[in-house]
Amino acid sequence: MSNQPERIELAPGLEVSRVITGLWQVADMERGGTLLDRTQAAKMLVDYAAEGFDTFDMADHYGSAELISGAARRMLLEQSEQSPARFFTKWCPEPHQSSPEAVRQGIAERCERLGVETIDLLQLHWWSFEHPGYLDVMDELMRLKQDGVIAHIGVTNFDADHLHVLVQQGYEIATNQVSCSLLDRRALGDLSHVCLERGVKLLAYGTLAGGFFSEKWLGAAEPTDIPDWSKMKYKRFIDVVGGWSVFQNLLACLDRIARRHGVAIANVASRWVLDQPAVGAVIIGARLTENQHRASNSNLFGFVLDENDQTEIAKALDGAAMVPGDCGQEYRRPPYLTASGDLSHHLSAPPPFFSAVEKHGRMLTLSGSVWEEIAGHCRAMRIGNRILVSGTTATHGTDTVVCRGDVRGQTVYALDKILAAIASLGGAPEDVVRTRIYMRDADEWEPASRVHGRYFGDIRPANTLIEISRFVGDYEIEIEAEAVVPEAGDTAA
Ligand SMILES: NC(=O)c1ccc[n+]([C@@H]2O[C@H](COP(=O)([O-])OP(=O)(O)OC[C@H]3O[C@@H](n4cnc5c(N)ncnc54)[C@H](OP(=O)(O)O)[C@@H]3O)[C@@H](O)[C@H]2O)c1
């Protein structure tokens, strides 16, 4: 079996190595303020490319990674105009940066730093789905794709429900980059189903848990002082799935399998992820100028995990808990499983999407839907500590129907809008005490109920689901809600 990295066509014309080299580590190495030597680091990327690791992943906030990649790309093109190397980047705007101008400016900056006219794959990260601006950003990214500025559009850290909204809306999404590893198997559930159904490939990061999946940590004492951000983050994942002893049990299992195949623990951990049906490629982080693991990582392509190996891994995983929620939740709500915990400080001042206004001594929120103006109602109103939310549909902006004909997508959009309205009046999802769902076709109850369960499964408000014969407008579903904001000192009896 050849040890050349396998290749995959992620989307028409986008053929890449199945091990993508991740450059987030550049930001970690530069966090003290000293940038990596650009030429030296770029030459290293050229060396990676020469061995078939010719796909690189970065983002707007990965230190000088885009500039290093730009330099590497120029070097590669000097060697051959047909270089198959591909450079992926991300744009992680703040929620208010969703105007066409903001999008064009953000993407132009990526092009400039990478030194390209066309970005191979532009991946969008979105901080809060209660802010629906991601749909406006997508509209503009699609226009940039038509203009040839972006070859392919991907997203990162989108959960199954919101990826569903995007594909259902008709956006062409090639990839979703998410955490996916033996420690974090969230992506292998509903998200994988959506991806397989809709032709979206997962790009898996965290497959080596920042380097924890290696011989170095086998039998090692639990670390208390962790020097790099990546391991700091994945140590939180280890804690969530059951702690150091559960992790050591898994590591011992991987070590046994690795020895049988004459490979490294890291190879077994990556191979297991690569074998998952929705996974297109794994992204393995590289600490350029420090450690190179290319020789080891090419061993990934010289063995297969057999049935015995799979059974042994499944048994070791029996003792490990699942990371809660769906993909990307670690960036959006507690428990924040990131290196430094809550990352909302990345946002200058995340304002609620809707702003509340005072009318006749009461606070109320208007969402801008044309129906509020026509029928004379508000989106939500606060009376004392109660918040009443009007029947809410999947109306984006003044009158655009989101996910026409699709119950799941409309439920996701409407619930995000309801939570945004509640937030604007000082409430939180856990304050919701009642929801009412009105449906055009009650035979479609299941997708609606399942989305409701994902939003409120931990909260359990009282709920009613009713079929009605007609809606005003082209909607499948309308939802209303009520929340009670606890007074200071309120506790459960
Ligand atoms: N979209 C997002 O939100 C997001 C989030 C995180 C990461 N990412 C992407 O994913 C990439 C991967 O980053 P990550 O933080 O998840 O780290 P990771 O890939 O799980 O771990 C990378 C570390 O594993 C070690 N390693 C690599 N190959 C090895 C081998 N064969 N044997 C032993 N150890 C090996 C190296 O550690 P040493 O150098 O210490 O030996 C390396 O720094 C990032 O660079 C970035 O591109 C994206």
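**Notebook: alanine 50, two domains, one ligand**

I looked up alanine 50 first and found its place in helix H2, residues 38–50. Helices here are DSSP runs of H or I with at least four residues, strands are E runs of at least two, and both are numbered from the N terminus. I noted that this is a predicted model: local features need pLDDT of at least 70, side-chain atom pairs count only at pLDDT 80 or more, and totals for chains, interfaces and linings use all residues. Residues are numbered from 1 along each chain as its sequence is written.

Is alanine 50 buried or exposed? I put it down as partly exposed, because 13 other C-beta atoms lie within 10 Å. (Buried takes 20 or more such atoms within 10 Å, exposed 12 or fewer, and partly exposed falls in between; C-beta atoms are placed from the backbone.) I then checked leucine 76, which is 26 residues from alanine 50 in sequence and 9.3 Å away in space, C-alpha to C-alpha.

Next, the domains. I found domain 1 at 7–344 and domain 2 at 356–484; such bounds come from an automatic or database domain assignment. Their C-alpha centres lie 34 Å apart. Eleven residues of domain 1 and 14 residues of domain 2 make the contact (C-beta atoms, placed from the backbone, within 7 Å). On the domain 1 side, helix H6 (residues 160–168) gives the largest share, five residues.

Last, the ligand. I listed 28 residues around it, and Gly22, Tyr205, Gly211, Gly285 and His293 come nearest. (Near means a C-beta atom, placed from the backbone, within 6 Å.) Strand S10 gives the most to this shell, three residues.

Note on methods:
Contact = placed C-beta atoms within 7 Å.
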